[in-house]
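Good morning, and thank you for making time for this item. I would ask everyone to keep the sequence and the model in view while I go through it.

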Amino acid sequence: MRPSTKWLAEWAGDTPRMRFQVKRGIGMGEEETLDVDLIKHTCSCNKWQLTGMPCVDAIAAIRQRRG
């Protein structure tokens, strides 16, 4: 499993601070941006929805929200 500390989670601007855009692959040439919604438990990579467990993108957003 890849560590979530390699991902950059940025707040997407909603009031309850539960939506994030997570950038992965930073500094590795191919950067990808994914949308994470902590209220709906969804990520645009679809792993969270398929497995029921937060993906590394969601974990990066959770870490960012909790400071």
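This predicted model contains zero disulfides. Why is there no bond at Cys43? The closest cysteine sulfur, in Cys45, is 3.6 Å from the sulfur of Cys43, and that is too far for a bond; the cut-off for a disulfide is 2.5 Å. Cys45 is accordingly in no disulfide either, with the sulfur of Cys43 as its nearest cysteine sulfur. Are these two cysteines buried or exposed? Cys43 is buried, because its relative accessibility is 2%. Cys45, at 19%, also counts as buried, because the limit for that class is under 20%.

Let me now place these residues in the overall architecture. The protein chain has two helices and four strands. Read from the N terminus, the order of elements is β-β-β-β-α-α. The chain has 67 residues, of which 33% count as buried. Its accessible surface is about 4700 Å², and carbon and sulfur atoms account for 51% of that area. If we take the contacts between residues at least 6 apart in sequence, 26% of them link residues at least 24 apart.

There is also an annotation to report. An unreviewed UniProt entry gives the feature "domain: SWIM-type" at residues 34-66. In the model, that stretch is 48% helix and 18% strand. The C-alpha atoms at its two ends lie 19 Å apart.

I turn next to strand E3, which spans residues 32-37, and to two of its residues. Val36 belongs to this strand and is buried, because its relative accessibility is 2%. Which residues does Val36 touch, once those up to four places away in sequence are set aside? The list is Met18, Arg19, Phe20, Val22, Thr42, Cys43, Trp48, Asp57, Ala58 and Ala61. Cys43, which we met a moment ago, is thus one of the residues touched by Val36. Ala61 deserves a separate word: Val36 and Ala61 are separated by 25 residues in sequence, yet their C-alpha atoms are 7.2 Å apart.

The second residue is Asp37, also in strand E3. Is Asp37 buried or exposed? Asp37 is buried, since its relative accessible area is 10%. What does the side chain of Asp37 reach? It comes to 3.1 Å from the backbone nitrogen of Lys40, and a polar contact requires a pair of N or O atoms within 3.5 Å. Beyond its neighbours within four places in sequence, Asp37 is in contact with Met18, Arg19, Thr42 and Trp48.

Finally, I would draw attention to the backbone at two loop positions. Arg17 sits in the loop between strand E1, residues 8-11, and strand E2, residues 19-24. Its phi is near 55 degrees, which is a positive value in a residue other than glycine. Arg17 counts as partly exposed, because its relative accessibility is 34%. Asn46 lies in the loop between strand E4, residues 42-43, and helix H1, residues 47-51. Asn46 is not a glycine, and its phi is positive, at about 70 degrees. With a relative accessibility of 39%, Asn46 likewise counts as partly exposed.

To close, I return to the opening point: the model holds zero disulfides, and the sulfurs of Cys43 and Cys45 are 3.6 Å apart. Thank you for your attention.

Conventions:
Residues are numbered from 1 along each chain as its sequence is written. This is a predicted model: local features need pLDDT of at least 70, side-chain atom pairs count only at pLDDT 80 or more; totals for chains, interfaces and linings use all residues. Side-chain values use heavy atoms; hydrogens and water are left out. Buried means under 20% relative accessible area, exposed over 50%, partly exposed in between (1.4 Å probe, protein chains only). A polar contact is a pair of N or O atoms within 3.5 Å; within protein, one must be able to donate a hydrogen and the other to accept it, and residues adjacent in sequence count only if both atoms are side-chain atoms. Contact means heavy atoms within 4.5 Å. Accessible areas come from the Shrake-Rupley method with a 1.4 Å probe; for residues, only the protein chains shown count as cover. UniProt positions are given in the numbering used here, feature names are shortened, and annotations may be inferred rather than shown by experiment.
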